[in-house]
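User: Please pick one part of this model and take me through it slowly, then show me what sits around it. I'm a bench person, so tell me what your terms mean as you go.

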Amino acid sequence: MNIIEVKNLKKIYQDEASTTIALADISFSVSQGEFVAIMGPSGSGKSTLLHVLGLLDVSSSGSYYFAGQDITSYSSDELANLRNQKIGFVFQAFNLLARTSVLDNVKLPLVYSKIAEADWDNKARRAIEAVGLISRLQHQPSELSGGEKQRVAIARALINNPDIIFADEPTGNLDSKSGKKVMSIIQRLNEEEGKTVILITHETSTAEHAERIIHLLDGKIDSDIKVAKRLSTNDEYVK
Ligand SMILES: Nc1ncnc2c1ncn2[C@@H]1O[C@H](COP(=O)(O)OP(=O)(O)O)[C@@H](O)[C@H]1O
Ligand SMILES: [Mg+2]
(Lines give C-alpha, C1' and ligand atoms only; values in the text may rest on other atoms or scores of the structure.)
(Ligands and ions follow the chains in the order given, each with its own letter.)
Protein backbone atom coordinates (compact mmCIF):
# COMPACT_ATOMS: atom_id res chain seq x y z
CA MET A 1 0.00 0.00 0.00
CA ASN A 2 1.16 3.53 -0.71
CA ILE A 3 1.29 5.67 2.39
CA ILE A 4 2.15 8.68 0.23
CA GLU A 5 1.02 9.47 -3.27
CA VAL A 6 1.54 12.95 -4.70
CA LYS A 7 0.91 14.21 -8.21
CA ASN A 8 2.03 17.49 -9.76
CA LEU A 9 2.66 19.06 -6.39
CA LYS A 10 3.53 22.75 -6.52
CA LYS A 11 4.40 25.15 -3.73
CA ILE A 12 4.75 28.82 -4.49
CA TYR A 13 5.71 31.43 -1.90
CA GLN A 14 4.51 34.86 -2.83
CA ASP A 15 4.90 38.22 -1.19
CA GLU A 16 4.86 41.77 -2.50
CA ALA A 17 8.51 41.71 -3.48
CA SER A 18 8.98 38.25 -4.95
CA THR A 19 7.62 34.91 -6.03
CA THR A 20 9.53 31.75 -5.17
CA ILE A 21 8.66 28.42 -6.73
CA ALA A 22 9.83 26.10 -3.96
CA LEU A 23 8.24 22.98 -5.47
CA ALA A 24 7.84 23.11 -9.24
CA ASP A 25 6.23 19.79 -10.09
CA ILE A 26 6.63 16.77 -7.83
CA SER A 27 5.04 13.38 -8.46
CA PHE A 28 6.00 10.20 -6.64
CA SER A 29 4.74 7.63 -4.19
CA VAL A 30 6.13 5.89 -1.14
CA SER A 31 4.94 2.50 0.03
CA GLN A 32 4.37 1.58 3.66
CA GLY A 33 7.64 0.48 5.27
CA GLU A 34 9.98 2.17 2.80
CA PHE A 35 13.06 4.11 3.93
CA VAL A 36 13.61 7.09 1.63
CA ALA A 37 16.40 9.67 1.78
CA ILE A 38 15.89 13.07 0.18
CA MET A 39 19.02 14.88 -0.93
CA GLY A 40 19.76 17.97 -2.99
CA PRO A 41 21.45 21.37 -2.75
CA SER A 42 20.37 24.06 -0.32
CA GLY A 43 17.22 25.77 -1.57
CA SER A 44 16.15 22.84 -3.77
CA GLY A 45 12.89 22.41 -1.85
CA LYS A 46 13.69 19.55 0.53
CA SER A 47 12.25 21.10 3.70
CA THR A 48 9.25 22.49 1.86
CA LEU A 49 8.50 19.01 0.51
CA LEU A 50 8.86 17.48 3.97
CA HIS A 51 6.52 20.06 5.48
CA VAL A 52 3.88 19.45 2.82
CA LEU A 53 4.19 15.65 3.04
CA GLY A 54 4.10 15.89 6.84
CA LEU A 55 0.88 17.94 6.76
CA LEU A 56 2.57 20.91 8.44
CA ASP A 57 1.98 23.02 5.34
CA VAL A 58 -0.25 22.76 2.29
CA SER A 59 0.74 22.75 -1.37
CA SER A 60 -0.37 25.48 -3.78
CA SER A 61 -1.69 22.90 -6.23
CA GLY A 62 -1.51 19.20 -7.03
CA SER A 63 -2.99 16.16 -5.34
CA TYR A 64 -1.93 14.38 -2.18
CA TYR A 65 -3.23 11.04 -0.97
CA PHE A 66 -1.98 10.25 2.51
CA ALA A 67 -2.68 6.66 3.64
CA GLY A 68 -5.30 6.44 0.92
CA GLN A 69 -7.10 9.63 1.96
CA ASP A 70 -7.34 12.61 -0.35
CA ILE A 71 -6.26 15.30 2.09
CA THR A 72 -6.37 18.29 -0.28
CA SER A 73 -9.73 19.45 1.05
CA TYR A 74 -9.06 18.73 4.73
CA SER A 75 -9.46 21.55 7.25
CA SER A 76 -6.50 22.47 9.42
CA ASP A 77 -8.15 20.62 12.34
CA GLU A 78 -8.53 17.47 10.27
CA LEU A 79 -4.91 17.74 9.15
CA ALA A 80 -3.76 18.23 12.73
CA ASN A 81 -5.68 15.12 13.85
CA LEU A 82 -4.21 12.99 11.10
CA ARG A 83 -0.74 14.36 11.82
CA ASN A 84 -1.05 13.59 15.51
CA GLN A 85 -2.18 10.01 14.91
CA LYS A 86 0.03 8.95 12.04
CA ILE A 87 3.15 11.12 11.83
CA GLY A 88 6.26 11.65 13.92
CA PHE A 89 8.79 14.43 13.27
CA VAL A 90 12.47 14.77 14.04
CA PHE A 91 14.18 18.08 13.28
CA GLN A 92 17.82 19.13 13.05
CA ALA A 93 17.45 21.57 15.96
CA PHE A 94 15.66 18.99 18.19
CA ASN A 95 12.84 21.44 19.07
CA LEU A 96 12.56 20.31 22.69
CA LEU A 97 10.95 22.50 25.33
CA ALA A 98 13.58 24.13 27.54
CA ARG A 99 13.33 23.87 31.35
CA THR A 100 11.09 20.84 30.87
CA SER A 101 12.10 17.31 31.82
CA VAL A 102 12.77 14.57 29.30
CA LEU A 103 9.68 12.78 30.59
CA ASP A 104 7.44 15.82 30.08
CA ASN A 105 8.89 16.62 26.65
CA VAL A 106 8.11 13.11 25.47
CA LYS A 107 4.61 13.19 26.99
CA LEU A 108 3.70 16.40 25.21
CA PRO A 109 2.07 14.93 22.05
CA LEU A 110 -0.22 12.83 24.28
CA VAL A 111 -1.93 16.01 25.47
CA TYR A 112 -3.49 16.26 22.00
CA SER A 113 -4.32 12.55 21.75
CA LYS A 114 -7.26 10.45 22.93
CA ILE A 115 -5.03 8.42 25.22
CA ALA A 116 -6.12 8.48 28.87
CA GLU A 117 -3.94 10.62 31.11
CA ALA A 118 -3.41 7.69 33.48
CA ASP A 119 -1.40 5.96 30.73
CA TRP A 120 0.83 8.89 29.73
CA ASP A 121 3.62 8.18 32.17
CA ASN A 122 4.03 4.52 31.24
CA LYS A 123 3.88 5.19 27.52
CA ALA A 124 6.46 7.97 27.76
CA ARG A 125 8.78 5.81 29.88
CA ARG A 126 8.61 3.00 27.34
CA ALA A 127 9.44 5.37 24.47
CA ILE A 128 12.36 6.81 26.44
CA GLU A 129 13.58 3.31 27.25
CA ALA A 130 13.50 2.43 23.55
CA VAL A 131 16.04 5.17 22.81
CA GLY A 132 18.23 4.16 25.76
CA LEU A 133 17.61 7.20 27.98
CA ILE A 134 15.67 5.83 30.92
CA SER A 135 18.43 7.11 33.25
CA ARG A 136 17.77 10.69 32.04
CA LEU A 137 14.02 10.89 32.76
CA GLN A 138 14.19 13.98 34.96
CA HIS A 139 16.99 15.77 33.11
CA GLN A 140 16.27 18.99 31.25
CA PRO A 141 17.44 19.44 27.64
CA SER A 142 20.27 21.77 28.73
CA GLU A 143 21.69 18.89 30.75
CA LEU A 144 21.88 16.54 27.76
CA SER A 145 24.36 16.11 24.90
CA GLY A 146 23.22 16.79 21.32
CA GLY A 147 22.90 13.09 20.61
CA GLU A 148 20.80 12.57 23.73
CA LYS A 149 18.55 15.51 22.81
CA GLN A 150 17.93 13.98 19.39
CA ARG A 151 17.10 10.64 20.99
CA VAL A 152 14.55 12.42 23.22
CA ALA A 153 13.09 13.98 20.07
CA ILE A 154 12.83 10.50 18.53
CA ALA A 155 11.07 9.19 21.65
CA ARG A 156 8.64 12.12 21.40
CA ALA A 157 8.08 11.35 17.70
CA LEU A 158 7.26 7.74 18.58
CA ILE A 159 4.92 8.32 21.48
CA ASN A 160 1.74 8.13 19.40
CA ASN A 161 2.97 5.07 17.52
CA PRO A 162 3.08 6.82 14.12
CA ASP A 163 3.15 4.94 10.80
CA ILE A 164 5.67 7.32 9.32
CA ILE A 165 8.62 9.33 10.58
CA PHE A 166 9.79 12.50 8.84
CA ALA A 167 13.28 13.67 9.71
CA ASP A 168 14.89 16.90 8.44
CA GLU A 169 18.70 16.63 8.79
CA PRO A 170 18.42 14.66 12.08
CA THR A 171 22.20 14.26 12.31
CA GLY A 172 23.04 17.76 11.07
CA ASN A 173 23.92 19.12 14.52
CA LEU A 174 25.62 15.98 15.83
CA ASP A 175 29.16 14.65 15.97
CA SER A 176 29.63 11.53 13.89
CA LYS A 177 29.41 9.07 16.79
CA SER A 178 26.10 10.50 18.07
CA GLY A 179 24.86 10.73 14.48
CA LYS A 180 25.54 7.04 13.96
CA LYS A 181 23.63 6.13 17.10
CA VAL A 182 20.66 8.24 16.04
CA MET A 183 20.71 6.65 12.58
CA SER A 184 20.89 3.14 14.02
CA ILE A 185 17.78 3.87 16.09
CA ILE A 186 15.96 5.21 13.01
CA GLN A 187 17.04 2.21 10.98
CA ARG A 188 15.84 -0.20 13.68
CA LEU A 189 12.45 1.52 13.75
CA ASN A 190 12.21 0.97 10.01
CA GLU A 191 13.42 -2.63 10.01
CA GLU A 192 11.89 -4.00 13.18
CA GLU A 193 8.76 -1.92 13.58
CA GLY A 194 7.99 -1.34 9.93
CA LYS A 195 7.89 2.44 10.24
CA THR A 196 8.07 4.31 6.96
CA VAL A 197 10.96 6.78 7.12
CA ILE A 198 11.46 9.87 4.97
CA LEU A 199 14.67 11.62 5.86
CA ILE A 200 16.45 14.67 4.49
CA THR A 201 20.22 14.65 4.59
CA HIS A 202 23.22 16.03 2.76
CA GLU A 203 25.51 13.32 4.13
CA THR A 204 26.10 10.27 1.95
CA SER A 205 26.83 8.18 5.05
CA THR A 206 23.38 9.03 6.44
CA ALA A 207 21.62 8.46 3.11
CA GLU A 208 23.20 4.99 2.97
CA HIS A 209 20.71 3.83 5.60
CA ALA A 210 17.90 4.31 3.07
CA GLU A 211 16.84 1.92 0.33
CA ARG A 212 15.87 4.71 -2.01
CA ILE A 213 17.43 8.12 -2.64
CA ILE A 214 15.51 10.97 -4.23
CA HIS A 215 17.54 13.97 -5.40
CA LEU A 216 15.77 17.32 -5.70
CA LEU A 217 16.95 20.15 -7.91
CA ASP A 218 15.10 23.44 -8.35
CA GLY A 219 11.91 22.05 -6.83
CA LYS A 220 11.83 18.98 -9.08
CA ILE A 221 12.86 15.36 -8.74
CA ASP A 222 16.22 15.11 -10.45
CA SER A 223 16.67 11.39 -9.77
CA ASP A 224 14.92 8.64 -7.83
CA ILE A 225 17.09 5.58 -7.32
CA LYS A 226 16.73 2.32 -5.44
CA VAL A 227 19.94 1.50 -3.62
CA ALA A 228 21.21 -1.59 -1.87
CA LYS A 229 20.10 -1.39 1.71
CA ARG A 230 22.95 -1.03 4.14
CA LEU A 231 23.48 -3.95 6.49
CA SER A 232 21.57 -3.71 9.72
CA THR A 233 23.33 -1.54 12.25
CA ASN A 234 21.85 -3.24 15.29
CA ASP A 235 25.32 -4.10 16.53
CA GLU A 236 26.06 -0.38 16.75
CA TYR A 237 22.98 0.24 18.83
CA VAL A 238 24.06 0.80 22.41
CA LYS A 239 21.49 1.23 25.14
N1 LIG B 1 8.27 30.53 4.21
C2 LIG B 1 8.90 30.85 3.07
N3 LIG B 1 8.66 32.02 2.42
C4 LIG B 1 9.29 32.31 1.27
N5 LIG B 1 10.17 31.53 0.65
C6 LIG B 1 10.46 30.35 1.24
C7 LIG B 1 9.86 29.95 2.47
N8 LIG B 1 10.34 28.72 2.82
C9 LIG B 1 11.22 28.38 1.85
N10 LIG B 1 11.30 29.35 0.90
C11 LIG B 1 12.12 29.31 -0.34
O12 LIG B 1 11.79 28.13 -1.05
C13 LIG B 1 12.95 27.53 -1.60
C14 LIG B 1 13.09 26.12 -1.07
O15 LIG B 1 13.40 26.19 0.33
P16 LIG B 1 13.60 24.90 1.23
O17 LIG B 1 12.46 23.97 1.01
O18 LIG B 1 13.84 25.35 2.63
O19 LIG B 1 14.93 24.26 0.61
P20 LIG B 1 15.97 23.22 1.23
O21 LIG B 1 15.37 22.60 2.44
O22 LIG B 1 16.23 22.24 0.13
O23 LIG B 1 17.21 24.01 1.53
C24 LIG B 1 14.11 28.45 -1.24
O25 LIG B 1 14.33 29.32 -2.33
C26 LIG B 1 13.60 29.19 -0.03
O27 LIG B 1 14.21 30.47 0.06
MG1 LIG C 1 16.03 22.54 4.46
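Analyst: **Helix α1 and its surroundings**

In α1, the buried residues are Lys46, Thr48, Leu49, Leu50, Val52 and Leu53. Buried here means 20 or more other C-beta atoms within 10 Å of a residue's own; 12 or fewer is exposed, in between is partly exposed, and the C-beta atoms are placed from the backbone. This is a predicted model, where local features need pLDDT of at least 70 and side-chain atom pairs count only at pLDDT 80 or more, while totals for chains, interfaces and linings use all residues. Residues are numbered from 1 along each chain as its sequence is written, and chains are lettered from A and ligands numbered from 1 in the order in which they are written. As for element names, helices (H or I, at least four residues) and strands (E, at least two) are DSSP runs numbered from the N terminus.

So how much of α1 is covered? Mostly: six of its eight residues are buried. The cover over those buried residues includes strands β1 (2-14), β2, β3 (35-39), β7 (164-168), β8 (196-200) and β9 (212-217); contact means C-beta atoms, placed from the backbone, within 7 Å. Just past the helix, leucine 55 takes a positive phi of about 65°.

Now for the ligand. α1 (46-53) and β2 (19-31) each give at least two residues to the shell around ligand 1, and α1 has the largest share, three residues. Lys46, Ser47 and Thr48 are in that shell, together with Tyr13, Thr20, Ala22, Gly40, Ser42, Gly43, Ser44 and Gly45. To be in it, a residue needs its C-beta atom, placed from the backbone, within 6 Å of the molecule. Sorted by class, the shell holds eight polar, two nonpolar and one charged residues. Nonpolar covers Ala, Val, Leu, Ile, Met, Phe, Trp, Tyr, Cys and Pro, charged covers Asp, Glu, Lys and Arg, and the others, Gly among them, are polar.

Back to the cover: strand β7 contains isoleucine 164, which counts as buried because it has 22 C-beta neighbours inside 10 Å. Leaving out residues up to four places away in sequence, isoleucine 164 touches Ile3, Lys86, Ile87, Lys195, Thr196 and Ile198. Its C-alpha atom is 8.2 Å from that of glycine 33, 131 residues away along the chain.

The loop between α5 and β7 holds asparagine 161, whose phi is near 50°, a positive value in a residue other than glycine. Asparagine 161 is partly exposed, as 14 other C-beta atoms lie within 10 Å.

That loop leads us to α5 itself. Helices α5 (residues 146-158) and α6 (residues 176-193) have axes that come within 9 Å and cross at roughly 15°. That makes the two roughly parallel, the word for angles under 35 degrees (over 145 is roughly antiparallel, 65 to 115 roughly perpendicular, the rest oblique). The axes are lines fitted to C-alpha atoms over the stretch in contact, with angles running from 0 to 180 degrees between N-to-C directions. On the α5 side, Gly146, Gly147, Gln150, Arg151 and Ile154 meet Ser178, Lys181, Val182 and Ile185 of α6. Those contact residues divide into four polar, three nonpolar and two charged.

Definitions and conventions:
Two residues are in contact if their C-beta atoms, placed from the backbone, lie within 7 Å.
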